[in-house]
Amino acid sequence: MKLSLRHHAANLLLYKPKRFTTVVMLLIVFAGGLGSLFAGITARTLTRDSLMSRAVTTADALNVKEIESLKGSDMDVKSVAYQDIKHRLSQIKSDNPDLRFVYLLGNRGSDIYFMVDSESPASNLYSAPGEAYPEASGEIKGSFVVSKAFIEGPLSSNGREWLSALVPVVDNSTGNTVALLGIDLPVYGYYRQIFIYSLIPLLLAAIPFAGLLRDRELQRKEQEISQLKTQFVSVASHELRSPLAGVLWATQTLIKPGSNKNITEEQHGLLVDVYSSTALSLATVNEILDFSIFDRNNAMKLQHERINLFTVLKEVEKILKLSAKEADVQIKFADKWPETIEVSGDVAALKRAFTNIITNAVKYSPAGKKIELVYSSEHDEHVIAVRDHGIGIPRTEQKRVLEGYYRATNATKFQTRGTGLGLWITRLIIEQHGGRLWIKSKEGEGTIVFAALPKFEISPKLP
């Protein structure tokens, strides 16, 4: 159960970045839409408030007595009061280029008419004093009674659409509304303001959204390339492994003591070199094959059987005996070992794991040194420690060598060849057996690699 949960969690982690990106993208779209709606509403409110504020300020600055002196006829044009008010209204329009009309409306019975407007008499939009305003709404008429300021529109007038702010000009001494000041904003300016404000959150949201979309596409392409690369490496490695294994077996047969008395010492030395190089190449090919399995995010298909781990380690020692002898390194089972160390798992996979550990110990141990295999039983685990007295691993790099594609800096100087995959693959194999792998090392003094595996009676079910 422990292993199954761990493996399932690993698969979930694989899809987590993609799901996380999708969720973030959806949140960005939602936030952008919400921000756009809020900005649009805010822009609408601000535009209306600004228009009303300018209308109120203009109305407050008008002289009520001058307005009351107007008769609402062509004769007003000649009066000083009319010219003064018209100048003020024209100045307001000139100071506010976004405004189209500034005007005063009067009330005669139930009829609404123009008293003064900001337009030049030469303009086709000019309204003469006393000219009726037939489009006047009920709200405009009612404002003369209740003295209420309001925003009207957007509405159509003279073939155009406007947003109008209307403010009553009140005689404070009587409380009567003597005129209604109106200022008109072209509706395209009003909508443009709302559109610009609404667009800003969408543009801001589009920047991270486009970045995530690009990253997701790049990630998809990288995955495709990685899959093609893994397939190629897997096929190529499979094709290489069989002939290399054949060469290894043939050279091993030839250099076996007493196998061929016709081989000279020089030839024997060359065959040993061939054997060593072939063994190293085969180990590299095996590592690449193992990596291709894990890189496809698939666990190795492990057999579930009862194993004597001591027998597995003895077989590994036998396999590596010749390479250890060539390196002048001795592999030794230290202290007392039980003849039976039972675990549940896959013989070939565990053999591969311990071969990787001991091969590294041989590879990075100076001539004349000893490699010790130590056993201990701790609660529900068998713990195997492989101790060497080699170059060691720098403290800052000990975790990285278990993560794959990484070799310690001092290892690259001591031994130029290597993939940096061995210990990573070993860790994955041990973990797939429900175990643990960790390292203790001191640079210049040696390394101990610990592999802990559950005892057979409490082993988890393997995949």
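This is a short walk through one predicted model, from the overall fold down to a few individual residues.

Hi everyone, and thanks for coming. Let's begin with the whole chain. There are 463 residues in the protein chain, and 42% of them are buried. The secondary structure comes to 10 helices and 12 strands. If we take the contacts with a separation of 6 or more, 66% of them join residues that sit 24 or more positions apart.

Now to the nonpolar interior. The largest nonpolar core has 47 residues. Which of them touch the most other members? They are Leu 309, Leu 313, Trp 337, Phe 354, Ile 358 and Leu 373. Several elements give two or more residues to this core: the helices α7 (309-326), α8 (347-363) and α10 (422-432), together with the strands β7 (330-333), β9 (370-378), β10 (381-387), β11 (436-442) and β12 (446-454). The biggest giver is α8, with 8 residues.

Please click on Leu 309 for a moment. Setting aside neighbours within four places in sequence, Leu 309 is in contact with Ile 341, Val 343, Leu 350, Phe 354, Ile 384 and Leu 453. There is also another core, apart from the one we have just seen, with 32 residues, among them Ala 43, Ala 81, Tyr 126 and Ala 179.

Let's stay with the strands of the first core. β7 and β9 pair in the parallel sense, over 4 bridges. On its other pairing, β9 meets β10 in the antiparallel sense, over 7 bridges. In the parallel pair, Gln 330 stands opposite Lys 370 of β9. In the antiparallel pair, Val 374 has Ala 385 in β10 as its bridge partner.

Lys 370 deserves a look of its own. This lysine belongs to strand β9. Is Lys 370 buried, exposed or partly exposed? Its relative accessible area is 32%, so Lys 370 counts as partly exposed. Beyond residues up to four places away in sequence, Lys 370 touches Gln 330, Lys 332, Arg 387, Asp 388 and His 389. The C-alpha atoms of Lys 370 and Ala 324 are separated by 9.8 Å, and these two residues are 46 residues apart along the chain.

Next, some backbone geometry. Most residues other than glycine have a negative phi, and most peptide bonds are trans. With that in mind, here are three places to check.

One is His 379, in the loop between β9 and β10. The hairpin of these strands has 2 residues between them, and His 379 takes a positive phi near 55° there. With a relative accessible area of 78%, His 379 is exposed.

Another is Asp 328, in the loop between α7 and β7. Its phi is near 60°, again a positive value in a residue other than glycine. Asp 328 is partly exposed, at a relative accessible area of 47%.

Then there is the peptide bond from Gly 153 to Pro 154, which is cis, with omega near 5°. Pro 154 lies in strand β3, residues 150-157.

That proline leads us to Arg 48, in helix α1, which spans residues 2-61. Leaving out neighbours within four places in sequence, Arg 48 is in contact with both Gly 153 and Pro 154, and also with Ile 151, Leu 163 and Tyr 190. How far from Arg 48 is the nearest side chain of opposite charge? That side chain is Asp 49, 7.8 Å away, and Arg 48 is buried yet has no salt bridge. What Arg 48 does have is a polar contact, side chain to side chain, with Tyr 190 at 3.2 Å.

My last stop is another charged residue, Asp 117, in strand β2, residues 111-117. The cut-off for buried is under 20% relative accessible area, and Asp 117, at 3% relative accessibility, therefore counts as buried. A polar atom of the Asp 117 side chain lies 3.1 Å from the backbone nitrogen of Glu 119. Not counting neighbours within four places in sequence, Asp 117 is in contact with Lys 86, Leu 89, Val 102, Tyr 103, Leu 125, Tyr 126 and Ser 127. You may recall Tyr 126 from earlier, as one of the members of the 32-residue core.

That's my tour. Thanks for listening, and I'm happy to take questions.

Key: Residues numbered from 1 in each chain as written. Predicted model: local features only at pLDDT ≥ 70, side-chain atom pairs only at ≥ 80, totals over all residues. Heavy atoms only, no water. Buried < 20%, exposed > 50% of the residue type's maximum accessible area, 1.4 Å probe, protein only. Lys, Arg positive; Asp, Glu negative; His and termini not counted. Salt bridge = Lys/Arg side-chain N within 4 Å of Asp/Glu carboxyl O. Polar contact = N/O pair within 3.5 Å; in protein donor to acceptor, adjacent residues only side chain to side chain. Contact = heavy atoms within 4.5 Å. Core = buried A, V, L, I, M, F, W, Y, C linked by side-chain atoms within 4.5 Å. Pairing = 2+ DSSP bridges.
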